[in-house]
Amino acid sequence: MTYLDNAATSWPKPPAVPAAMRGMIEHAGGNPGRSGHRLAMKAGETVYACRENLASLFGVSDPLRICFTSNATESLNLAIKGSLEPGDHVVFSAMEHNSVWRPLRELERCGVRISMVPAGANGIVHCDSIVSQLRRDTRLIVLIHASNVNGALNPVEEVGRIARDRNVRFLVDAAQTAGMVPIDVEAMKIDLLAFPGHKGLLGPQGTGGLYVHDSIRLQPLKHGGTGSDSDSPVQPEFAPDRYESGTLNTPGIAGLNEGVKYLLRHGVAEVQRRERALTERLLAGLAEIQHIHVYGPANAGERTGVISFNIEGRDPVVAADELDRTFDIACRAGLHCAWLAHRTQGTDQTGTVRFSLGALSTEQDVDAGLAAVRTLAQKGKR
Ligand SMILES: Cc1ncc(COP(=O)(O)O)c(C=O)c1O
């Protein structure tokens, strides 16, 4: 099988990932932060090691500011709902995923005011458009780092500067960049970084996290047992316990730790360099095929390896199904949980076929994808 669906979840994982998950269940399966016996302590050490490794990956000085969640959606909900109250104003972009748009629309019903900033047709959001929407009561800016529809990369560092200068909280949705594009929360002035564990970080599904700047105190999404301050009726004030009620996904975190270690060993800049070369190969190959329309920035330097396209006259969902059944190519088609982004690029009625590369993608994967698309496009309209 040729796997070109890394934007949905990365596959395959480095072999150390499933090995560590199995090892955690078989040899260290206590409940971290609860009991004091050896199995619990061992699990706790792995959880802390994963926090430390994530902190080094993202330039975070205190690993305890990394909070585990079950996916990027939960991280975004915690950051958004934990930041905003009725009467607050929030600015977000027309490229956001439903995991930002839907919580914001929900909060709007409760009195939060929302302003959407347009993006260019290629999906890139301009800083000036963000500045023009800022108001005295703006509490939060939410920006997708790179689009899950067309790979467009946003100027996060510049927006971070603007937000910090105006004392507005800055949340970055790094679902499509964590582990694939270098991120330094200090240098980029990011206050809240939401990331999945199961995409670019190469961990298993059911893992994710949120970095919370140490000046920020969010309202938790969940309240309950944390293994700390157990005599208190209220949630602890300190991170990560404030945000991590309930037993963690320890086997998942053990796997995620190995994914992050893989990235620290190879370097995210090197992963990005490799992926850029493959992106250029894929874009150049698609440009040579007739009857193909590719979306997003043409320049690989302005995008990630998430490439949306359509084959003239073919329904993208039917095309993806044929790519799977006839050519053994795994990809995704449709609206990719981001209707807003499709509306921005003019594909909200049709959706697109999406090929997405990952740290373990190869030239052979790209060439197999191109050969299959060439054949489909030559077969004519369906
Ligand atoms: C940009 C973006 N944000 C958020 C999410 C949600 O991630 P998760 O599936 O980990 O909840 C995704 C998933 O594809 C995404 O691409």
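**Exercise 1. Is Leu143 buried or exposed?**

Solution. The model is predicted. Start with the location: Leu143 sits in strand β5, residues 138-144. Next, take its relative accessibility, which is 1%. Buried means under 20%. Leu143 therefore counts as buried. Finally, look across the chain. Val100 is 43 residues away from Leu143 in sequence, and the C-alpha to C-alpha separation is 9.1 Å.

**Exercise 2. Find the salt-bridge partner of Glu74 and place both residues.**

Solution. The structure holds 18 salt bridges. In one of them, the side chain of Glu74 meets that of Lys222, at 3.5 Å from N to O. Glu74 belongs to helix α3 (residues 72-83), while Lys222 lies in the loop between β8 and α7. The two are 148 residues apart, and the pair links distant parts of the chain. Now check exposure. Glu74 has 17% relative accessibility, so Glu74 counts as buried. Lys222 has 36%, so Lys222 is partly exposed.

**Exercise 3. How are Glu258 and Lys261 separated in helix α7?**

Solution. First, the contact: their side chains form a salt bridge of 3.0 Å, N to O. Second, the spacing. Glu258 and Lys261 are three residues apart in helix α7, so about one helical turn separates them. Third, the exposure. Glu258 is buried at 18% relative accessible area. Lys261 is partly exposed at 31%.

**Exercise 4. Classify both ends of the salt bridge between Arg314 and Glu322.**

Solution. The closest N and O atoms of this pair are 3.4 Å apart. Arg314 has 6% relative accessibility and counts as buried. Glu322 has 11% and also counts as buried. Elsewhere, Arg217, Glu237 and Arg242 are joined into one network by salt bridges that share partners.

**Exercise 5. Asp241 is buried; which side chain of opposite charge is nearest?**

Solution. Locate the residue: Asp241 is in the loop between β8 (208-212) and α7 (250-266). The nearest side chain of opposite charge is Arg51, 5.9 Å away. A salt bridge needs nitrogen and carboxyl oxygen within 4 Å. Asp241 has no salt bridge. Look for a polar partner instead. The side chain of Ser228 makes a polar contact of 2.6 Å with that of Asp241.

**Exercise 6. Which backbone atom does the side chain of Gln176 reach?**

Solution. Gln176 is in the loop between β6 and β7. With 5% relative accessibility, Gln176 counts as buried. Its side chain reaches the backbone oxygen of Ala7 at 3.0 Å.

**Exercise 7. Pick out unusual backbone angles.**

Solution. Begin with the background: most peptide bonds are trans, and most residues other than glycine have a negative phi. Then list the cases.

- Trp11 to Pro12 is a cis peptide bond, with omega near -5 degrees. Pro12 lies in the loop between β1 (2-3) and α1 (16-27).
- Ala239 and Pro240 are joined by a cis peptide bond, with omega about 0 degrees. Pro240 is in the loop between β8 and α7.
- Asp229 has a positive phi, near 45 degrees. Asp229 also lies in the loop between β8 and α7, and is partly exposed at 39%.
- Asp328 has a positive phi, near 60 degrees. The loop between α9 (316-327) and β11 (329-330) holds Asp328, which is partly exposed at 36%.

**Exercise 8. Where is Asp184 found?**

Solution. Asp184 is in the loop between β6 (169-173) and β7 (192-196). Its relative accessibility is 32%, so Asp184 counts as partly exposed. Asp184 is part of a surface patch of negative charge, with Asp62, Glu157, Glu158, Glu186 and Asp214.

How values were computed:
Residues numbered from 1 in each chain as written. Predicted model: local features only at pLDDT ≥ 70, side-chain atom pairs only at ≥ 80, totals over all residues. Heavy atoms only, no water. Patch = residues over 30% accessible without salt bridge, like charges linked within 9 Å, V, L, I, M, F, W, Y side chains within 5 Å. Areas by Shrake-Rupley, 256 points an atom, 1.4 Å probe, with all protein chains shown as cover. Lys, Arg positive; Asp, Glu negative; His and termini not counted. Charge placed at Lys NZ, Arg CZ, Asp CG, Glu CD. Helix = DSSP H or I, 4+ residues; strand = E, 2+ residues; numbered from the N terminus. Buried < 20%, exposed > 50% of the residue type's maximum accessible area, 1.4 Å probe, protein only. Polar contact = N/O pair within 3.5 Å; in protein donor to acceptor, adjacent residues only side chain to side chain.
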